Amino acid sequence: MYIYDEYDNSILRQRVAQFRGQTERFLAGELPPEQFLPLRLQNGLYVQRLAPMLRINVPYGMINSTQIRKLAHIARHYDKGYCHVSTRQNIQYNWPDLTEVPDILSELADVGMHGTQSSGNCIRNTTSDQFAGTAPDEIVDPRPYCEIIRQWSSFHPEFAFLPRKFKIAVTGSTQDRAAVQVHDIGLQILLNEKGEVGFQVYVGGGLGRTPCIGSAIRDFLPEEDLLSYLEAILRVYNLYGRRDNKYKARIKILVRALTPEVFAQKVEAEWQYLKDGYNKLTRDEIERAKGFFTAPAYDTIDNAAAQAAVNAQASESVAFGKWLQRNVREHKVPGYAAVTLSLKPTGVAPGDITDSQLEIIANLADEFSFGEARTTHEQNIVLADVKKTELFTLWQKAKAAGFATPNIGTITDIICCPGGDFCSLANAKSIPIAEAIQRQFEDLDYVYDLGDIDLNISGCMNACGHHHVGHIGILGVDKAGKEFYQVQLGGNASNDASLGDVLGPSFSAEDMPTVIQKLVDVYLANRTAEELFIDTYRRIGAAPFKEKVYAKAN
Amino acid sequence: MPKLIKDGLIVENTWTLIAKPEGEAAAAEVPAGQVIIPVSVWLAQKETLQTRTDIGVWLDSDESAELIGAEANRFPVIGVNFPLFMDGRAFSSARLLRERYGFTGELRAVGNFIRDQLCYLRRCGVNAFAFANPEINLDEAAKSLQDLQEYYQAAVDQPLPLFRRRA
């Protein structure tokens, strides 16, 4: 994991001092609220429905046990004893006191954490694959490049006042687990025929009011050109992105207005001036960054023996077997596995986690996974380097702490925004809908039989819950002051990314569990052996689903 | 006389900023003395204004630095305007004037920028700050130039990114 040096620390300390001064000026009435607004946003501080909300960056999801304990301390000391894992792999606190935020940021700086650019019209936290460095299908570990992007984008003087927020995601695996095609910039790491590292560059993807799949504007960008090319894209966007209408200000609108081809030409033209400048990455810098993400001290393990032992444990404990099936993934190192701790037990807001649970996770990370964990954009937490021989013990401890719900990837592993319970933008509640659906699908064997289903819920069209790319997406809408829910089908955030189609008229909150049940029934009645929900939908289309859901009661 | 921050010091502002003309740029009157005129007026009246050495130009946020381009160094001062402080196009324009067009004179932020942007503006090559708001306390504002003193990226004031300087 990346370790801050004296430069990183001094930059962060200067930032904390700057924000403390700005907060003091605001509280003294010297800094008008409209001027304080973008400054506080760039330090992670939103004003929400009930209280401020503070968003802390977890760069590309990597976090260590010391940092997790600090998050627990902040939850306990400054907040109401819990926090929330966001779909940008960040951590959110819902109840901080504005006057204490500089102190919180100062405490976070002690462990190399911050809220820098976690909100606002600037380059946000770069996200990545939560299994980076461990996935068997990985081509190149994306994390060194994410860290290089983190440094370049932090406090970038030219791009702190962009037309709108700006999100970058990087994946280095065959299977995209970072949803790169629905980001402002998505980077897919590739090797060329000579074995050199480069990036396929997608631009102009994104969700929200105008959902778009990104356009590939470069098939192979050599790794040393990463920053100069990003700088060219951002400059074109900063100069030509629309500023007259915030709903048309994202880069996706510019890319569509110009066409991806013309946009790419403008970027290439700009890049000609930049590509051989000082931003060109050096071999030394790439190697330095890679040096922070080397393999931990793995033991040499006989994988067959370890797996046999695990299988024996699974045959004795059905519950452990289920957890293995859903929450444990293959690892590229023999004898190891990657474990997802589910933050989606029924009845808890998806992604919520208490201070004492955070401390337990820190302890588990220390005991089982080299002191490191990862946050995921599906709002769970991963321990990525666990010995198979220790899975059973880990499972018992995770179960006792409440995050061994064996539902990863299933219909109850719901991505869900905070919705109307917390967010001032929301048109409708999301969390109670998630809970009602989880209750509808309580029978685990039945849920497993359904296989992988992404069910995503957003409380408004800003799409923080990524409803457009859920196989089943739910969008909260407001109709004459009453909350309704629109259903979309066929979205997908992975390699063959697609946006969901609206099924038809929206439903009341009470109807939602039944509606989802009917959709699942249509799938079960139509699927071929082994066919996933998304594939059945793509094959048979929306008509059978519509028919069932909107059929008149008989 | 109004004051501004230049090269970190508070100095007299000896230049008069001329607003955009209501009518044709070609017909706009350009007064005598040190004036910073809209780039559109310069482009329309270049023939007659060529000989004057007491003319600067200013770019609005939607006007490209390319309009000045290679001519940049014929001006002692160029202004980049902030109609709203959230409109960040001037940051790019400033860098382009310095880095692409090699402008070495006074690069002045004008309009509604705020003191909390001073550090970033300086990094983009702006060395003078003329706030539209006459109430601003310039001594206090100038302190913000010191907010951040170490940086990751290449920019005008420090062309070497940290990765080329790290020991």
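A: A residue counts as buried under 20% relative accessible area, as exposed over 50%, and as partly exposed in between, using a 1.4 Å probe and protein chains only. Take A:Ile189, which is buried with a relative accessible area of 0%. This is a predicted model, so to speak of a local feature we need pLDDT of at least 70, side-chain atom pairs count only at pLDDT 80 or more, and totals for chains, interfaces and linings use all residues. Residues are numbered from 1 along each chain as its sequence is written, chains are lettered from A and ligands numbered from 1 in the order written, and side-chain values use heavy atoms, leaving out hydrogens and water.

Q: Where is A:Ile189 found?

A: Helices (H or I, at least four residues) and strands (E, at least two) are DSSP runs, numbered from the N terminus. A:Ile189 is in strand E8 (residues 185-191) of chain A. Its C-alpha is 21 Å from that of A:Lys252, with the two positions 63 residues apart in sequence.

Q: How far apart in space are A:Ala349 and A:Phe19, C-alpha to C-alpha?

A: They are 31 Å apart, at a sequence separation of 330 residues. A:Ala349 belongs to the loop between strand E12 (336-341) and strand E13 (352-354) of chain A, and counts as buried at 13% relative accessibility. For another case, try A:Arg250 and A:Asn121: 129 residues apart along the chain, with 9.8 Å separating their C-alpha atoms. A:Arg250 sits in the loop between helix H6 (226-240) and helix H7 (251-258) of chain A, and at 12% relative accessibility A:Arg250 is buried. Then there's A:Glu107, in helix H4 (residues 101-109) of chain A. A:Glu107 is buried too, at 18%, and its C-alpha lies 38 Å from that of A:Ile411, 304 residues away along the chain.

Q: Which sign of phi do most residues other than glycine have?

A: Negative, for most of them. Now look at A:Gln89, which is not a glycine yet has a positive phi of about 65°. You'll find A:Gln89 in the loop between strand E4 (82-85) and strand E5 (91-93) of chain A, buried at 0% relative accessibility. A:Phe155 is another non-glycine with a positive phi, of about 60°. A:Phe155 is in the loop between helix H5 (143-153) and strand E7 (168-171) of chain A, and is buried with 10% relative accessible area.

Q: How many aromatic pairs does the structure hold over all chains?

A: Rings of Phe, Tyr and Trp (its six-membered ring) pair if their centres lie within 6.5 Å; planes under 30 degrees apart are stacked, over 60 edge-to-face, and the rest tilted. Over all chains there are 27 such pairs. One of them is B:Phe82 with B:Phe113, a tilted pair at 5.9 Å centre to centre and 55° between the planes. B:Phe82 is in strand E6 (residues 77-82) of chain B and B:Phe113 in the loop between strand E7 (106-111) and helix H3 (118-123), so the pair ties together parts 31 residues apart in sequence. Both residues are buried. Ring pairs also link them into a cluster with A:Phe161, B:Phe91, B:Phe129 and B:Phe131.

Q: Over the ring of which residue does the charged end of B:Arg100 sit?

A: A charge sits over a ring if NZ of Lys or CZ of Arg is within 6 Å of the ring centre and within 35 degrees of the ring normal. The charged end of B:Arg100 sits over A:Tyr273, 3.6 Å from the ring centre. In chain B, the charged end of B:Arg74 sits over the ring of B:Phe75, 5.4 Å from its centre.

Q: How many disulfides does the structure hold over all chains?

A: A disulfide is a pair of cysteine sulfur atoms within 2.5 Å. Here the total is zero. For the sulfur of B:Cys119, the closest cysteine sulfur is in B:Cys124, and 11 Å is too far for a bond. Both cysteines count as buried, B:Cys119 at 3% relative accessibility and B:Cys124 at 0%.
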